[in-house]
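Welcome! Here are some short exercises on how a protein meets DNA, each with a worked solution. Have a look at the structure, then try each task before reading on.

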Protein chains: 2
Amino acid sequence: MLKNRVKELRARYSYTQGQLGEKAGVTRQTIGFIEKGEFSPSITLSLKLAHILECKVDELFWLEGEEWK
Amino acid sequence: MLKNRVKELRARYSYTQGQLGEKAGVTRQTIGFIEKGEFSPSITLSLKLAHILECKVDELFWLEGEEWK
DNA sequence: ACAAATTGTAATGTATAGTTAACATTAAGT
DNA sequence: ACTTAATGTTAACTATACATTACAATTTGT
């Protein structure tokens, strides 16, 4: 189960979904889907988001639960 | 430009592509493609690989060049 | 209360991640 | 030299990330 802190960190910078998407090169809907956990972005997009939000990928995304181990 | 250290870390554990793929729940070809940089895996798969190879995602994958910033 | 900005959500389309199978090539062991 | 395990590579297929458009719902400012 993939979890993330995108919405929380985005709020810290007062970025709208549209602004964050623009910086990362994706649409606002893509940011919305990620925040809702509706899909698992590529590592490339994840690295860009972590860079923009000034954190490590591991702090932005993590797996929860035991099934995946 | 996405770069990675999968092949190097896989060698450290003496895993074959097949063994690493099995642990991560993907095929050996998928591991082969990732090592060659032929595609950008999902964050979910990246997190699994980092867990198996006992490192941070940021140490396993990174972006090189200036274009993406 | 009103208007504007932001976000939620759904449909449809495209690009690409990832699978499977098959065969060629290389490396390692005997 | 021979055999086997591991890897490289290609093609065809499926699943899903992400784009685009449109409109509804919610939030925010005045």
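**Exercise 1.** Find the helices that each supply at least two residues of the surface near DNA strand D.

*Solution.* Start with chain A, where helix H3 (28–36) qualifies. Then turn to chain B, which brings helix H1 (6–12) and helix H3 (28–35). Helices here are DSSP runs (H or I, at least four residues), numbered from the N terminus, and "near" means that a heavy atom of the residue lies within 4 Å of the strand.

This is a predicted model, in which local features need pLDDT of at least 70, side-chain atom pairs count only at pLDDT 80 or more, and totals for chains, interfaces and linings use all residues. Residues are numbered from 1 along each chain as written, chains are lettered from A and ligands numbered from 1 in written order, and side-chain values use heavy atoms, without hydrogens and water.

**Exercise 2.** Which residues come closest to DNA strand D?

*Solution.* First, 20 residues surround the strand. Next, pick out the closest: Gln29(A), Thr30(A), Phe39(A), Gln17(B) and Arg28(B). Finally, sugar and phosphate make up 65% of the strand D atoms within 4 Å of the protein.

**Exercise 3.** Locate partners for phosphate oxygens of DNA strand D on both protein chains.

*Solution.* On chain A, a backbone N or O atom of Thr27(A) is 3.1 Å from one such oxygen. On chain B, a side-chain N or O atom of Arg10(B) lies 2.8 Å from a phosphate oxygen.

**Exercise 4.** What part of DNA strand C does the side chain of Arg28(A) approach?

*Solution.* An N or O atom of that side chain lies 2.4 Å from a base oxygen. For Gln17(A), a polar side-chain atom is instead 2.8 Å from a phosphate oxygen of strand C.

Conventions:
Polar contact = N/O pair within 3.5 Å; in protein donor to acceptor, adjacent residues only side chain to side chain.
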